[in-house]
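Please open the structure in a viewer and keep the selection panel at hand. The stops below are meant to be visited in order.

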Amino acid sequence: MKYNFDEIIDRRGTATVAYEGQRKVYDYENLEPFWIADMDIKTPDFIIDHLKNKLDQAHFGYLVWKQDEYLNAIKHWYKTRFSVNVQKNDIYYVPSILFTVTEVIREFTKEGEGVLIHTPSYNAFINLIEGNNRRLVESPLIKTENGYELDKAQFEKMAAQDDVKVLVLCNPHNPTGKVWTKEECEFMKEVCEKNDVFIVSDEIHMDFVRSEKGFYSMTNQMKLDSPILVVTGLGKTFNLASLASSYMITKHRYFTLQFNRKLATYYGLAAANTLAVEAVKVAYTQAGDWVDQLNQHIERNMDILDDFIKSEMPEQLTFIKPDSTYLAWIDFSKSGFNESEVQKALQSVGKIATGIGNSFEISESHHFRMNLACSEEKLVNGLEAIKKSFTALSNNKI
Ligand SMILES: Cc1ncc(COP(=O)(O)O)c(C=O)c1O
């Protein structure tokens with residue numbers, strides 16, 4: 001490999017949420033982080049060098065983000081990576097993914113009305129729906145030996161409810177790593193269209209699809225004024241979560257008008273981040289090779305985890321290797337322990353912070369989520385810590 005994804009980077013003491021944000025979430029301190037979805041992998045040098053050049057200009061006044069170079073870079077990425085022709089006038093810089101998802105919910109539902117999500121779900125969606133006093137409507141994924149599937153009949157029934165006006169689609173899906181097929185996307189689009197349900201498709205994990213099926217973006221389903229909006233950015237792919245590099249793609253002119261008007265005259269949020277715009281320009285024109293190699297590294301880490309569970313902990317854990325994301329959704333139901341016992345063991349014995357299952361699931365959880373965007377060495381230490389934790393649980397040593 002041309003790039004070294006096994007380099008150990010020490011993010012401790014850098015005000016990184018993965019370390020310094022643990023206190024809000026965990027009962028124990030100083031845990032090795034495998035929880036929040038950012039990477040222990042550096043942003044590639046060619047992006048950093050470009051940003052350094054920009055820094056050397058030493059002026060960061062208000063920016064016009066609508067630049068050809070920025071829009072062409074996004075267009076190029078979609079064309080070369082996903083074979084999609086995105087129109088430049090459908091692309092808009094946005095302050096964040098979750099902000100945009102929330103604005104769709106606020107625009108198309110009233111308080112008390114339903115928002116459809118697939119469960120388990122990315123925890124922030126659950127928080128935003130509840131925090132905005134909307135009704136959370138679940139479409140639970142069906143777990144099969146080969147992965148997670150859409151329950152079409154149930155989805156259709158939920159979407160047909162009168163008060164359900166928005167589907168928040170996580171494409172690819174966090175936390176299961178499911179990649180939605182073209183056929184599933186078409187089905188969801190048709191059902192939503194029939195029932196007047198607006199689709200906001202969060203595609204932030206789009207660059208991590210490793211299966212041969214490839215990534216199917218909801219942008220494929222857009223026609224003029226289609227009630228579909230895709231929101232994504234560089235945050236996950238290039239470890240730039242704090243740089244506000246998100247953008248949306250939509251042909252829904254009414255929403256765009258409302259959204260831009262509110263940004264300027266209601267939120268006062270019209271300014272774009274220069275470094276984020278510059279990062280898009282360089283990443284989306286130069287990083288194809290880097291992203292391919294990063295995916296090979298993650299796939300190898302997924303194999304290491306899979307082998308470890310099969311050979312060392314087959315009686316306690318099950319794991320379906322995901323087609324996408326760098327997140328592993330690990331099932332401990334076979335172990336017979338409940339979530340609070342498992343979390344206590346992982347934190348107090350293993351000294352690791354994993355994603356807590358019940359923040360992603362509405363009913364009782366038997367899962368934890370593990371972030372594999374790290375070096376092999378860190379992963380292997382984490383796996384030993386998991387084994388030690390379950391051994392202590394089995395021996396009543398907690
Ligand atoms: C599916 C998904 N959407 C959005 C985000 C965060 O996006 P942002 O920080 O741009 O709001 C994450 C981060 O984990 C995520 O997994």
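This tour of a predicted model passes from the ligand site to the nonpolar cores and then to points of the backbone.

**The ligand and its surroundings**

Begin by selecting the ligand together with Ala-37, Ser-96, Ile-97, Leu-98, Tyr-122, Cys-170, Asn-174, Asp-202, Ile-204, His-205, Lys-236 and Ser-246, the residues around it. Next, display the backbone of Ile-97 and Leu-98. A polar backbone atom of Ile-97 lies 3.2 Å from an oxygen atom of the ligand, and for Leu-98 the distance from a polar backbone atom to a ligand oxygen is 3.0 Å. Turn then to the side chain of Asp-202, where an N or O atom is 2.5 Å from a nitrogen atom of the ligand. On its own the ligand has 400 Å² of accessible area, and the protein covers 84% of this.

**The nonpolar cores**

Which residues touch the most other members of the largest nonpolar core? Select Tyr-78, Phe-238, Tyr-284, Ile-386 and Phe-390; these hold that place among the 124 residues of the core. Now highlight helix α10 (residues 288-312), which supplies the largest share of this core, eight residues. Colouring by domain is also useful here: domain 1 (17-44 + 289-393) and domain 2 (62-286) each contribute at least three residues to the core.

Centre the view on Phe-238. Leaving aside residues up to four places away in sequence, Phe-238 touches Met-39, Thr-43, Pro-44, Ile-47, Trp-77, Ala-283, Tyr-284, Ala-287, Trp-290 and Val-291. Thereafter, select Tyr-19, Tyr-26, Ala-353 and Ile-356, which are among the seven residues of a second, separate core.

**Points along the backbone**

Most residues other than glycine have a negative phi, and most peptide bonds are trans. The following sites are therefore worth a stop.

- Select Thr-119 and Pro-120: the peptide bond between them is cis, with omega near 0°. Pro-120 is placed in the loop between β3 (114-119) and α5 (123-131).
- Select Asn-171 and Pro-172, which are joined by a cis peptide bond with omega near -5°. The loop between β7 (164-170) and α7 (182-194) holds Pro-172.
- Select Asn-133, in the loop between α5 and β4 (135-140). Its phi is positive, near 55°, and Asn-133 is partly exposed at a relative accessible area of 43%.
- Finish at Ala-244, in the loop between β9 (228-232) and β10 (247-250). Ala-244 is not a glycine, yet its phi is positive at about 55°; with 26% relative accessibility, Ala-244 counts as partly exposed.

Key:
Residues are numbered from 1 along each chain as its sequence is written. This is a predicted model: local features need pLDDT of at least 70, side-chain atom pairs count only at pLDDT 80 or more; totals for chains, interfaces and linings use all residues. Side-chain values use heavy atoms; hydrogens and water are left out. A nonpolar core is a set of buried Ala, Val, Leu, Ile, Met, Phe, Trp, Tyr and Cys residues joined through side-chain atoms within 4.5 Å. Buried means under 20% relative accessible area, exposed over 50%, partly exposed in between (1.4 Å probe, protein chains only). Helices (H or I, at least four residues) and strands (E, at least two) are DSSP runs, numbered from the N terminus. Domain bounds come from an automatic or database domain assignment. Contact means heavy atoms within 4.5 Å. A residue is near a molecule or strand if one of its heavy atoms lies within 4 Å of it. A polar contact is a pair of N or O atoms within 3.5 Å; within protein, one must be able to donate a hydrogen and the other to accept it, and residues adjacent in sequence count only if both atoms are side-chain atoms. Accessible areas come from the Shrake-Rupley method with a 1.4 Å probe; for residues, only the protein chains shown count as cover.
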